[in-house]
Amino acid sequence: MFRNLTLKQISNILALILFVAAGVLVTATMFVNRQSANIESEWRQLQSVRSEKMLLLGSLRSVLGYGGMIHDLKNFILRKHPELLERTHEKLGGAEVLLQRYELLNLNDSEKISIEDIRKTLNRYEKALDLALNGIEENFVAMDGKESKLTSSEIAQLAKVDDAAAFRGLKTLSAEALSGSNKLSARDSKALLLSELNASIGYGGMIHSFKNYVIRHDEHYRISTLKHLSKLSELLAKYGGHETTRGEKAAISDVVSVVNAYAKSLRQATKMVAEGKTSEAIDQTVKVDDLMAFRGLNVLGRAISKNIEEKTRSLTESLSNVSKLANGIAIGVVIVAGLMIFLSYGLIRRRVVAPIQALSQSMSSIAKGDYNVVVDSANMDTEIGEMARAVEILKDNSAKRHEAEESLAGANEELNLQLVELTDIRERAEERAVEAVGLAEDLHFAKEDADKAFAQAKAGENRIRSLMNTVTDAIITADKEGWIEMFNPAAQTLFGYDVAEIKGQNVSFLMPEPNKSKHDGYLKNYLDGNPARITGRMIEEVAVDKSGREFPIELTVNPIHIDEDVAFIAVIRDITERKKAEEEIRKLAMTDSLTGLANRNAFMREFQRSIALSQRHENHLALLMLDLDKFKPVNDTYGHPVGDAVLLEVADQMREVCRETDVIARIGGDEFAIIMPDLDDKEKIVGPALKLIKALSTPMEAVGHKVQIGTSIGIAVYPDDGESIETLVTNADDALYAAKEAGRNTYRMHEAETPKVKTAK
């Protein structure tokens, strides 16, 4: 069947098989790619709302906006309820925690600037709260002698904060969180719509503008409130256009009812502003119950979280199906490839390769002179048959040419003998002539080489001397016994000697003890073939200059082998400034920047070392954990400068009470720790603890303010209360909590039986 297939027919069959296989593979690949593209699109959309940045940004908007900090602050200004002030403080603290968590993410420069802008605005709100509180509590006496209080509008003016930087920062964070996602599809998702709802209703949104209008009666805020109400209606309608559950529909209805209530309240407020009513009276009239909106937004948030989980499961199943399809395609490709290999091998091997191999063997035999070889395949009606018939013609022509060559060979042999004899005579004559010319040329070239070598040596010496005189590092060369041979200008500057003073001196002259006395031994050790101590590598050593000053250097020494002699070259660099910088960096890394006490890193290192020493000497070690009482009210009332001054005074008091061998560390804002090593009696801990309590409870002056704090102390003892750092810290913390529960300004030891409470007088 396949005997008379031509090469063209075989190639067409293989091409058809390849075309069919490629078509199947391309179709399957296109299907898989389309499915993968759909999955990738859905994954990007899901990722845009599940990213940690979006989650943190949503939490930040919630804690700042509707029902959050700005809502409570405006209500506090209007209603003066103390619990609203506390809630505002809590929301500001929560916002700072969220900003700190955001900073732990991988941020670009614009995001870092945005977070700093938001933080600065929040700090201004902290100060604004104090101003608002002072405005509420402080009475002013009018000209008629009657006592009056500031109005809400006047208090708001005192506590006014520019929010532009925070608004801009939130907008930038939102844009960066969405970058890289499919923005067109992501912006219409329910999760992004809910985020826009929170932004439009909260901080910088409807509630912000509405409360400012009630307080300040500024038409600008009324127009802004109308715009936000319109946008909220649009967003709620767009959300309702999605496929929603019954619970989501009810939640949207609740939010819509509250938004409508605010629209109605705005109309009432506008009328009362025109009538000249006070902010407090307007607030009492237009007050809206936000509970339904809070509940509705929470329901929508939970529904979106559930939807995200379902979409995640769906994507997982889709990926699994695509993986199975890809595996099926791979198996199909393997099967098709196997069939193609089988068919290709059968057709090409039998109908192409085997006949061509036979022809190749026949041609090889003909080339070797075997003209009796039989050429196969000459009777085939294919291209290979034509090739076989051409090889037969070649065989016949080669046989005839071989006979003609043999007849010519005999005639040429005698002629070649005569040519060889003539060539031999000519070559002997040429050899003598070449020998004479070569002697003359050798003499000329030898003279030229000597002149060039001398010039190069002179130039090399000048270049080396110029280099040695211009480099900034000190370079010294010495012979094998250590006697100085060369001392460049940088070395003269570094050591303070000129060439005349240093010439004839040994290198050890520039070394302090003990290296100075051992130097000759080092050289002898190297010359005897033993391993070198410093040669061939850069090391740090100490040198001494003309004034006797010892200073650190970076030293590299290498041997120089000249014929059978040895010399040494040293490159020296002064690293005094670098050592000072390294020491300063080490000090900064282990010291608290405010108090100068050990920081947490130094505390952990010294604690480990102290435990090791106590274990070796078999004595006790005490760990005191201190927490300042009533420090936060001082810090919140008078500000951070006063708080910092108090912390500095606390550090000084601790230094006065503790021994020089004790380790004092600041491990947190108002948290301190003291390690008391080398104690032969546990009872000796009580005295310092009582002194600390008494010293820190004494009133102190801080930036013109007289303040009084206290301290609670928890004590754990090594090895009675634990033998590891973790156990001792935990037990000391437990004792600290026990001291706080006992009324603060006291101490507790971690023991089976709690000792009697001793409070400083």
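## Two sheets and a helix pair in a predicted model

V557 stands opposite A570 in strand β7, and this pair of residues is a convenient place to enter the structure, which is a predicted model. The strands concerned are β6, covering residues 550-562, and β7, covering residues 565-574, and they pair in the antiparallel sense over ten bridges. Another residue of β7, D574, has I553 standing opposite.

### The antiparallel sheet

Strand β7 also pairs with β3 (residues 474-479), again in the antiparallel sense, here over six bridges; in this pairing, I475 stands opposite V571 of β7. These strands belong to an open sheet of five strands, whose order is β4-β3-β7-β6-β5 and whose pairing is antiparallel. At the edges of this sheet stand β4 (484-487) and β5 (538-544), each of which pairs on one side only. If direction is ignored, neighbouring strands of the sheet are turned by 30 degrees against each other on average. Helix α18, made of residues 515-527, lies across β5, β6 and β7, and it runs at about 135 degrees to β7.

As background for reading both sheets, strands of a sheet pair through backbone hydrogen bonds, and they may do so either parallel or antiparallel.

### The mixed sheet

How are the strands ordered in the open sheet whose pairing is mixed? Five strands take part, and their order is β9-β10-β8-β13-β14. Since β9 (663-666) and β14 stand at the edges and each has a single partner strand, one side of each is left without a neighbour in the sheet. The average turn between neighbouring strands of this sheet, with direction ignored, is 15 degrees.

Strand β13, which spans residues 710-718, deserves a closer look. It is mostly covered, as nine of its nine residues are buried. On one side of β13 the buried residues are G710, S712, G714, A716 and Y718, while on the other side they are T711, I713, I715 and V717, so that both faces of the strand are covered. Strand β8 (residues 620-629) is joined to β13 by nine bridges, and these two strands run antiparallel; L628, for instance, stands opposite T711 in β13. With β14 (residues 747-749), by contrast, β13 runs parallel, and three bridges join the two. Within β14, R748 is the bridge partner of G714, and Y747 is the residue opposite which I713 stands.

The following table gathers strand pairings from the two sheets.

| Strands | Bridges | Sense |
|---|---|---|
| β6 and β7 | ten bridges | antiparallel |
| β3 and β7 | six bridges | antiparallel |
| β8 and β13 | nine bridges | antiparallel |
| β13 and β14 | three bridges | parallel |

Helices accompany the mixed sheet as well. Helix α20 (residues 600-617) lies across β8, β9, β10 (671-679) and β13, and it runs at about 150 degrees to β8. Helix α24 packs on the sheet too, where it touches β8, β13 and β14, and its direction makes about 145 degrees with that of β13. This helix, residues 725-741, makes a left-handed β-α-β unit together with β13 and β14.

### A pair of packed helices

Elsewhere in the chain, helix α5 (residues 109-137) and helix α7 (residues 164-178) pack at an angle of about 145 degrees, and their axes are 8 Å apart. The crossing of these two helices is left-handed. Which residues of α5 meet α7? From α5 come S110, E111, S114, I115, D117, I118 and T121, and they meet A165, A166, R168, G169, L170, T172, L173 and E176 in α7. Sorted by class, the contact of α5 with α7 has six nonpolar, five polar and four charged residues.

### A loop residue and the whole chain

D289 lies in the loop between α13 (279-286) and α14 (291-367). Is this residue buried or exposed? D289 has a relative accessible area of 57%, and since a residue counts as exposed over 50%, D289 is exposed. Its C-alpha atom and that of Y262, a residue 27 positions away along the chain, are separated by 9.6 Å.

For the chain as a whole, the secondary structure comes to 24 helices and 14 strands. Of the 761 residues in the chain, 38% are buried. Among contacts between residues at least 6 apart in sequence, 63% join residues that are at least 24 apart.

How values were computed: Residues are numbered from 1 along each chain as its sequence is written. This is a predicted model: local features need pLDDT of at least 70, side-chain atom pairs count only at pLDDT 80 or more; totals for chains, interfaces and linings use all residues. Side-chain values use heavy atoms; hydrogens and water are left out. Axes are lines fitted to C-alpha atoms, for helices over the stretch in contact, and angles run from 0 to 180 degrees between N-to-C directions. Helices (H or I, at least four residues) and strands (E, at least two) are DSSP runs, numbered from the N terminus. A crossing is left-handed if the near helix is turned anticlockwise from the far one by less than a right angle, and right-handed if clockwise. Contact means heavy atoms within 4.5 Å. Ala, Val, Leu, Ile, Met, Phe, Trp, Tyr, Cys and Pro count as nonpolar, Asp, Glu, Lys and Arg as charged, and the others, Gly among them, as polar. Buried means under 20% relative accessible area, exposed over 50%, partly exposed in between (1.4 Å probe, protein chains only). Two strands pair if DSSP finds at least two bridges between them. A crossover is right-handed if, with the strands pointing away from the viewer, the path from the first strand over the helix to the second runs clockwise.
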